[in-house]
Amino acid sequence: MTNMWQFTQEDISQSPSITKDGMSVEEEMLWRIRGVCCIQTVGSRLELPLSTIATATVLFHRFYTRESFKDYCYSLVGATCLFLAGKSDEASRKVEDVARAWLNQIEEPVFEDIDQLSDEILYYELLVLDVTCCDLTIELPYHTLMQLAEYFNTPEEILVSCLTYANDSLRIPLCTTYEAKMIAAACFQMGYAYHNVSIPDSSSWNMMIDDFLEDLIDISNNIVELYRFPDEL
């Protein structure tokens, strides 16, 4: 069955922000990173589950594969994606709480107060659902990562690094070009490499590495490339 949310790198480089409104690929990527950073920060402040925050970031990336940053404010879309993700994952927060936390995060508020932002989020909720085809069933890399960690008896400090890479991978639209399991495998490999430790020998793991080496390298390179962007986004 074809996944309507699986795109090629070329597709992503021809998003509406780029082809319709003239953004460069790097500029569009910066807006994606900026939006996801806000989602992750505000989600943490609201004490939302990691899966809920990740779901919001995937919705955000999906939205901007079909719409332009010039047409829809990234901040408002990000806040709406976080609100929606909470509802879909049964980790719901009141829209006023999301609005309050969001206003405390953004440096240049474009909304007058909590009530105004709350109303805008509720208005945008239907828009985001429409653009993303009401598809809130989203596969995330965390389950596969934890399975790998259990299978290989991964030390805690290495697992933390693997999860960090998985969280960071959500800042860029890898979720629209690769399956979550493949991203998880790349992050698992990167976590071990960061600590200069080899993954215990396994025929099934070695077979997967051989079969999907180019994809794993591409995912890893994309995550590493992310770190060249400034922290102050």
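In this predicted model, Asp113 sits in the loop that joins helix α6 (95–105) to helix α7 (114–131). Its relative accessible area is 37%, so Asp113 is classed as partly exposed, since that label covers the range between under 20% for buried and over 50% for exposed. Asp113 also belongs to a negative surface patch, together with Glu96, Glu112, Asp115 and Asp119.

The two helices on either side of this loop offer further examples of how residues are placed. Ala99 is part of helix α6. With a relative accessible area of 0%, Ala99 is buried, whereas Asp113 in the loop is partly exposed. How far apart in space are Ala99 and Phe111? Their C-alpha atoms are separated by 9.8 Å, and along the sequence the two residues are twelve positions apart. Helix α7 contains Gln116. The relative accessibility of Gln116 is 27%, which places this residue in the partly exposed class. From Gln116 to Lys87 the C-alpha distance is 20 Å, for a sequence separation of 29 residues.

Helix α4, which runs through residues 50–66, includes Thr65. Is Thr65 buried or exposed? Its relative accessibility is 14%, so Thr65 counts as buried, because the buried class takes in values under 20%. The side chain of Thr65 has a polar atom that lies 2.5 Å from the backbone oxygen of Arg62.

Charged side chains give another view of the fold. Side chains of opposite charge can pair when their charged atoms come close. How many salt bridges does a search of the whole structure find? The count is eight. Three of the residues involved, Lys20, Asp21 and Asp71, are linked in a network of salt bridges. Within this network, Lys20 meets Asp21 with an N to O distance of 3.1 Å. Asp21 is partly exposed, at a relative accessibility of 25%. Lys20 also pairs with Asp71, and here the closest N and O atoms are 2.9 Å apart. Why does this pair tie together separate parts of the chain? Asp71 is located in the loop between α4 and α5 (74–88), while Lys20 is located in the loop between α2 (16–19) and α3 (25–45), so the salt bridge connects parts that are 51 residues apart in sequence. Asp71, like Asp21, falls in the partly exposed class, and its relative accessible area is 40%.

Another salt bridge brings together the side chains of Glu225 and Arg228, with 2.2 Å from N to O. What are the accessibilities of these two partners? Glu225 has a relative accessibility of 38% and counts as partly exposed. Arg228 is also partly exposed, at 47%.

The backbone has some features of its own to notice. Most residues other than glycine have a negative phi, and most peptide bonds are trans. Against that background, Asn153 has a positive phi, near 50°, although this residue is not a glycine. Where does Asn153 lie? Its place is the loop that connects α8 (142–151) with α9 (156–169). Asn153 is exposed, with a relative accessibility of 66%. A positive phi is also found at Asn196, where the value is about 55° and the residue is again not a glycine. Asn196 is in the loop between α10 (180–194) and α11 (203–211). At a relative accessible area of 74%, Asn196 is exposed, because that class begins over 50%.

One more loop residue completes the picture. Glu90 is found in the loop between α5 and α6. Its relative accessibility of 78% means that Glu90 counts as exposed. Between Glu90 and Ala185 there are 28 Å from C-alpha to C-alpha, and the two residues are 95 positions apart along the chain.

How values were computed. Residues numbered from 1 in each chain as written. Predicted model: local features only at pLDDT ≥ 70, side-chain atom pairs only at ≥ 80, totals over all residues. Heavy atoms only, no water. Patch = residues over 30% accessible without salt bridge, like charges linked within 9 Å, V, L, I, M, F, W, Y side chains within 5 Å. Areas by Shrake-Rupley, 256 points an atom, 1.4 Å probe, with all protein chains shown as cover. Salt bridge = Lys/Arg side-chain N within 4 Å of Asp/Glu carboxyl O. Lys, Arg positive; Asp, Glu negative; His and termini not counted. Charge placed at Lys NZ, Arg CZ, Asp CG, Glu CD. Helix = DSSP H or I, 4+ residues; strand = E, 2+ residues; numbered from the N terminus. Buried < 20%, exposed > 50% of the residue type's maximum accessible area, 1.4 Å probe, protein only. Polar contact = N/O pair within 3.5 Å; in protein donor to acceptor, adjacent residues only side chain to side chain.
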